Amino acid sequence: TISGTPYDGRVTIKQVTIYPPAGVTNPKTGLLFTNSFSTVYRVGMPPIFAGYDIDAPWEMAPGVWTIQLWIGDQKFAEQSFNLVSKEDDAQDSSRP
């Protein structure tokens, strides 16, 4: 929940998605490296979703992804995760 005053105030939160260094190749449009969008939220609103929906197989780029949330020029949240392909996961689990 975003807290502050006035209770029905608005705040613009920009989400920045940083793809793995190789980028994500969209077969229709080419190579993508970052994706950002801005949305206005009400103060006092229930928790918001921040993340990335992987909707197509070509979006499953293995490597470190980072999601950042910004208000103005101030970063207030960042989370990184490592996306592992099924093939890489199977190889890792077969090692002693």
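Helices and strands are taken here as DSSP runs, of at least four residues for a helix and at least two for a strand, and are numbered from the N terminus. In these terms, the predicted model shows a protein chain whose elements run β-β-β-β-β-β-α from the N terminus on, that is, six strands and one helix.

Of the 96 residues in the protein chain, 27% are buried. The chain exposes about 6900 Å², of which 55% is supplied by carbon and sulfur atoms. When contacts in the protein chain are restricted to those between residues at least 6 apart in sequence, 55% of them join residues at least 24 apart.

Rolling a probe the size of a water molecule over the atoms shows where empty space is left. In the present structure one cavity of 30 Å³ or more is found, and the largest cavity has a volume of about 50 Å³. The elements that contribute two or more residues to the lining of this largest cavity are strand 1 (10-18) and strand 4 (34-42), and the largest share, three residues, comes from strand 4. The lining is formed by Ile 13, Gln 15, Phe 37, Thr 39, Tyr 41, Ile 48, Phe 49, Ala 50 and Leu 69. Sorted by class, the residues that line the largest cavity comprise seven nonpolar and two polar residues, with no charged residue among them. Since Tyr is counted as nonpolar, whereas residues outside the nonpolar and charged groups are counted as polar, Tyr 41 belongs to the nonpolar part of the lining, and Gln 15 and Thr 39 are its polar members.

Note on methods. Residues numbered from 1 in each chain as written. Predicted model: local features only at pLDDT ≥ 70, side-chain atom pairs only at ≥ 80, totals over all residues. Heavy atoms only, no water. Buried < 20%, exposed > 50% of the residue type's maximum accessible area, 1.4 Å probe, protein only. Contact = heavy atoms within 4.5 Å. Areas by Shrake-Rupley, 256 points an atom, 1.4 Å probe, with all protein chains shown as cover. 1 Å grid on protein atoms, 1.4 Å probe; cavity = no way out; pocket = protein on both sides within 12 Å on 5 of 7 lines; lining within 4 Å. Points joined across faces, edges and corners; volume = space filled by probe spheres on them.
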